[in-house]
Amino acid sequence: MAQLQRDSGNKMSLRSEALDQIKRIDSVSQSMGSLGDFLVSTLLSILVSLVIFAVFPLIALGVAVKGAGLITNTIPFIGVLIGSFLVALNALFVNPSQGSQLIISIRYILSQFGDNNKRYWRKDRYFRFSTKDPERAVLESKYKGRTHYTLVYKVQGTVSQTSFDEDLLYLKEVNKNAIDGLEKDTVRTTINFIGIPRTKPKTLNSNATREMQLRQKTLSRIVTGLQNTQVLETYIVLDNESYESLMKKARAQEGFFNQGMVVTYHMLKGDELKKLINKLYANDNFTK
């Protein structure tokens with residue numbers, strides 16, 4: 001994490017206005033870890049946060065004193081203090097690429113409601129299985145008023161520490177041809193996950209011998225007992241505004257996969273695909 005230097009002071013843009021100059025509060029930024037590197041404070045955000053933290057409790061105190069009394073309203077008053085602190089903390093931070101976090105939060109809350117005539121709370125559901133695909137392998141979504149169709153492959157790559165230069169050149173050419181084959185109407189994205197491997201015991205036949213059962217238990221115990229093991233999961237995502245065009249490009253990509261672009265691949269379908277989307281968005285954004 002970037003540290004404040006004694007001889008350089010707070011870094012700021014020379015084009016910034018007085019209220020937009022960046023002010024780094026070390027006691028807050030350093031306690032936030034890596035978040036402190038891209039959530040900064042400005043003179044304006046500091047003033048706004050101080051006003052919020054001062055005005056809201058004063059209003060709550062005035063209402064409590066004029067009502068049933070502060071002693072009776074102690075718990076609500078403490079709740080107002082905590083809420084004021086959280087709102088002030090939200091106003092304190094500014095993301096240079098997006099602006100005030102307070103404004104971002106307000107816009108997000110407003111986006112959760114429906115249209116202007118029907119103010120109801122709405123839970124966004126971004127994806128659903130396309131009705132055009134009975135195997136539930138194609139996702140359908142809306143983005144800026146346009147329908148998009150998406151499918152996902154789980155793949156295993158070929159590049160390793162023992163790959164030779166000739167192999168790398170060949171794979172580079174195959175990958176280039178695969179990208180050219182997408183043309184301009186299809187987007188290809190690669191997603192990598194690093195996680196902990198999970199083993200599933202293999203189902204033995206009913207006539208398995210005792211030695212086979214012991215061997216299975218031994219292998220499972222060895223793999224489970226390994227420390228600091230990690231597994232790399234790689235997914236390739238194809239997206240197109242046309243279902244028919246997407247399927248054509250998918251078949252073309254599978255041809256390049258078979259040329260050695262990847263070792264193995266399979267298209268995600270049904271619950272497996274739904275599980276991946278929920279993993280990406282850390283939320284249930286699915287409709288059936």
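Me: At what angle do helix 2 and helix 3 pack?
Reply: This is a predicted model. Helix 2 covers residues 43–66, and helix 3 covers residues 74–92. Their axes lie 8 Å apart. The packing angle is about 165°.

Me: Is helix 2 roughly parallel or roughly antiparallel to helix 3?
Reply: The angle between helix 2 and helix 3 is about 165°. Angles over 145 degrees count as roughly antiparallel. Helix 2 is therefore, relative to helix 3, roughly antiparallel.

Me: Is the crossing of helix 2 and helix 3 left-handed or right-handed?
Reply: Take the two helices where helix 2 passes helix 3. The crossing is right-handed.

Me: How many residues of the contact of helix 2 with helix 3 are nonpolar?
Reply: Helix 2 contributes residues including Ile52, Phe53 and Phe56. Helix 3 contributes, among them, Phe77, Leu81 and Phe85. No charged residues take part, and 3 are polar. The nonpolar residues number 16.

Me: Is helix 5 roughly parallel or roughly antiparallel to helix 7?
Reply: Helix 5 (residues 165–182) and helix 7 (residues 243–261) have axes 10 Å apart. Their angle is about 175°. Helix 5 is therefore, relative to helix 7, roughly antiparallel.

Me: How many polar residues has the contact of helix 5 with helix 7?
Reply: Asn175 and Asn177 are among the helix 5 residues in this contact. Helix 7 brings residues including Lys249, Gln253 and Gln259. By class, 7 residues are nonpolar and 1 is charged. The polar residues number 6.

Me: Over which residues does pLDDT stay under 50?
Reply: The chain has a mean pLDDT of 80. Of its residues, 81% reach 70 or more. The stretch under 50 has 18 contacts beyond four places in sequence, and it is residues 1–12.

Methods: Residues are numbered from 1 along each chain as its sequence is written. This is a predicted model: local features need pLDDT of at least 70, side-chain atom pairs count only at pLDDT 80 or more; totals for chains, interfaces and linings use all residues. Side-chain values use heavy atoms; hydrogens and water are left out. pLDDT is the predictor's confidence in each residue, from 0 to 100. Contact means heavy atoms within 4.5 Å. Axes are lines fitted to C-alpha atoms, for helices over the stretch in contact, and angles run from 0 to 180 degrees between N-to-C directions. Helices (H or I, at least four residues) and strands (E, at least two) are DSSP runs, numbered from the N terminus. Angles under 35 degrees count as roughly parallel, over 145 as roughly antiparallel, 65 to 115 as roughly perpendicular and the rest as oblique. A crossing is left-handed if the near helix is turned anticlockwise from the far one by less than a right angle, and right-handed if clockwise. Ala, Val, Leu, Ile, Met, Phe, Trp, Tyr, Cys and Pro count as nonpolar, Asp, Glu, Lys and Arg as charged, and the others, Gly among them, as polar.
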